[in-house]
Amino acid sequence: MRVLLIGANGYLGRFVADRLLADPAVQLTALGRGDDADVRFDLASGSPGALTRFLDAVHPGVVINCAGTTRGGARDLTRHNTVAVATVCEALRRSGCGARLVQLGCGAEYGPSQPGSSTAEDAVPRPGGPYGVSKLAATELVLGSGLDAVVLRVFSPAGPGTPAGSPLGRLAEALRRAMQSGDGELKLGGLGVQRDFIDVRDVARAVHAASLSAAQGVINIGSGRAVRLRDAASVLARVAGYGGTLHELDGPAGPAGPALRATIGHPRPEPDHVAPLAHPYPDGCGGWQQADVRTARDRLGWRPRINLEESLADIWMEAACRI
């Protein structure tokens, strides 16, 4: 099976590439903006015609799109998350390769949900921020393209390679600095939100399964369990061997919802040594998000295998090695 992977050097794309390369039946070609891609092409500025000519030459059976961005203003998000997908869809429509499209979407497309609920694929999307809007627009383009296509809505990815600027990455960095300086207490803010964390290697398995399946439409990829960020912080401290005390601080309300009053330790009023996680989830999803993952189980034969503690241990190992 010849697979064209777009965005192979991204956070999720690297693990998808590793998974595909481990399959002897897959012949992989990587397309991206970097010098190490097999083919250099910028989806946000390249023409559908140029991509069509490449598709006709390579003739892949599957196209997997892991490209996109989580940062920037509305213009950048639209270019890299929406216009880029429009280019892919148009090129596939023009091409004679007949490739199947696997598009990586995001749980932020759903927006806020009721605490205690599990969000299924038939939920009406109401993204609460420009990132979710840009990803939802891409999903709608794929679903309306008439292609053989599936969109995997990935919830909150975690594990090795987690960006240092992400919520879990910032937690790990705050712990590293506290241990390096010998601080016996660490003050953290904005830990009240709850998210559905899923290991990046499990995401890669889901992408591999989707590329081999006939499933179409939208499929959620998550653990099926919401975890409070303060609980993730406690686990991270334990795997790091941090012997100090975690103090949770009140914080201002933001896109992730209001921070809750402290429940870890007894915070003191001094502002010293504070490691705030202000607005830790500016994804427009409010205080709660949990995926209903039954469709992935039924249509892809996929279940998550890696627990959050293992994901956090890998995040800590990378943070601890950072100079």
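How many bridges join E1 to E2, and do these strands run parallel or antiparallel? I began my notebook with this pair, and I found that five bridges join E1 to E2, with the two strands running parallel. I keep in mind throughout that this is a predicted model.

**Entry 1: from E1 to E2 and on to E3**

I looked up one bridge by name and saw that Ile-6 has Leu-31 in E2 as its bridge partner. Following the chain, I noted that it crosses from E1 through H1 to E2, and that this β-α-β crossover is right-handed. I then checked how covered E2 is: five of its six residues are buried, so E2 is largely enclosed by the rest of the structure. E2 also pairs with E3, in the parallel sense and over two bridges, and here Leu-31 stands opposite Val-39 in E3.

**Entry 2: the helix in between**

I turned next to H1, which covers residues 11–21, and listed its buried residues as Tyr-11, Leu-12, Gly-13, Phe-15, Val-16, Ala-17 and Leu-20. I asked what these buried residues pack against, and the list includes the strands E1, E2, E4 and E5 as well as the helix H6.

**Entry 3: the whole sheet**

I wanted to see where these strands belong, and I found an open sheet of seven strands in the order E3-E2-E1-E4-E5-E6-E10, with parallel pairing. Its edge strands are E3 and E10, each of which pairs on one side only. On the other side of E1 from what I had already looked up, I checked E4: E1 and E4 pair in the parallel sense over four bridges, and the bridge partner of Val-3 in E4 is Val-62.

**Entry 4: strand E6**

Which residues of E6 point one way, and which the other way? Ala-149, Val-151 and Arg-153 point one way, Val-150, Leu-152 and Val-154 point the other way, and all of them are buried. I therefore recorded E6, residues 149–154, as mostly covered, because six of its six residues are buried, that is, each is under 20% relative accessible area.

I looked at the partners of E6 as well. Six bridges join E5 to E6, and the two run parallel; the bridge partner of Cys-106 in E6 is Val-154. Between these strands the chain crosses from E5 through H4, residues 130–143, to E6, again as a β-α-β crossover that is right-handed. Five bridges join E6 to E10, which run parallel too, and Val-151 has Val-218 in E10 as its bridge partner.

I also stopped at Arg-153, whose charged end sits over the ring of Tyr-110, 4.6 Å from the centre of that ring.

**Entry 5: the nonpolar cores**

I reminded myself that nonpolar side chains tend to be buried together in soluble globular proteins. The largest nonpolar core here has 34 residues, and of these Ile-64, Leu-152, Ile-221 and Leu-300 touch the most other members. Helix H6 gives the most to this core, with seven residues. A second, separate core of 29 residues includes Leu-4, Leu-55, Phe-155 and Val-293.

To see one core member more closely, I looked up Leu-152: leaving aside its neighbours within four places in sequence, Leu-152 is in contact with residues including Val-102, Leu-104, Ala-206, Ile-219, Ile-221 and Leu-300.

**Entry 6: two single residues**

Is Arg-205 buried or exposed? Arg-205 has its place in helix H6, and I wrote it down as buried because its relative accessibility is 11%, where the cut-off is under 20%. Beyond its neighbours within four places in sequence, Arg-205 is in contact with Arg-19, Trp-302, Arg-303, Pro-304 and Arg-305.

Val-227 lies in strand E11 and is buried, with a relative accessible area of 8%. Its C-alpha atom and that of Phe-197 are separated by 7.3 Å, although the two residues are 30 residues apart along the chain. Phe-197 is also among the residues in contact with Val-227, and others among them are Val-193, Ala-232 and Leu-308.

**Entry 7: the chain overall**

I closed with the totals. The protein chain has nine helices and 13 strands, and buried residues make up 54% of its 323 residues. Among contacts between residues at least 6 apart in sequence, 81% join residues at least 24 apart. A search of the whole structure finds one aromatic pair.

Notes: Residues numbered from 1 in each chain as written. Predicted model: local features only at pLDDT ≥ 70, side-chain atom pairs only at ≥ 80, totals over all residues. Heavy atoms only, no water. Buried < 20%, exposed > 50% of the residue type's maximum accessible area, 1.4 Å probe, protein only. Pairing = 2+ DSSP bridges. Right-handed = clockwise from strand over helix to strand, strands pointing away. Contact = heavy atoms within 4.5 Å. Core = buried A, V, L, I, M, F, W, Y, C linked by side-chain atoms within 4.5 Å. Phe/Tyr/Trp six-rings, centres within 6.5 Å; stacked < 30°, edge-to-face > 60°. Lys NZ or Arg CZ within 6 Å of the ring centre and 35° of its normal.
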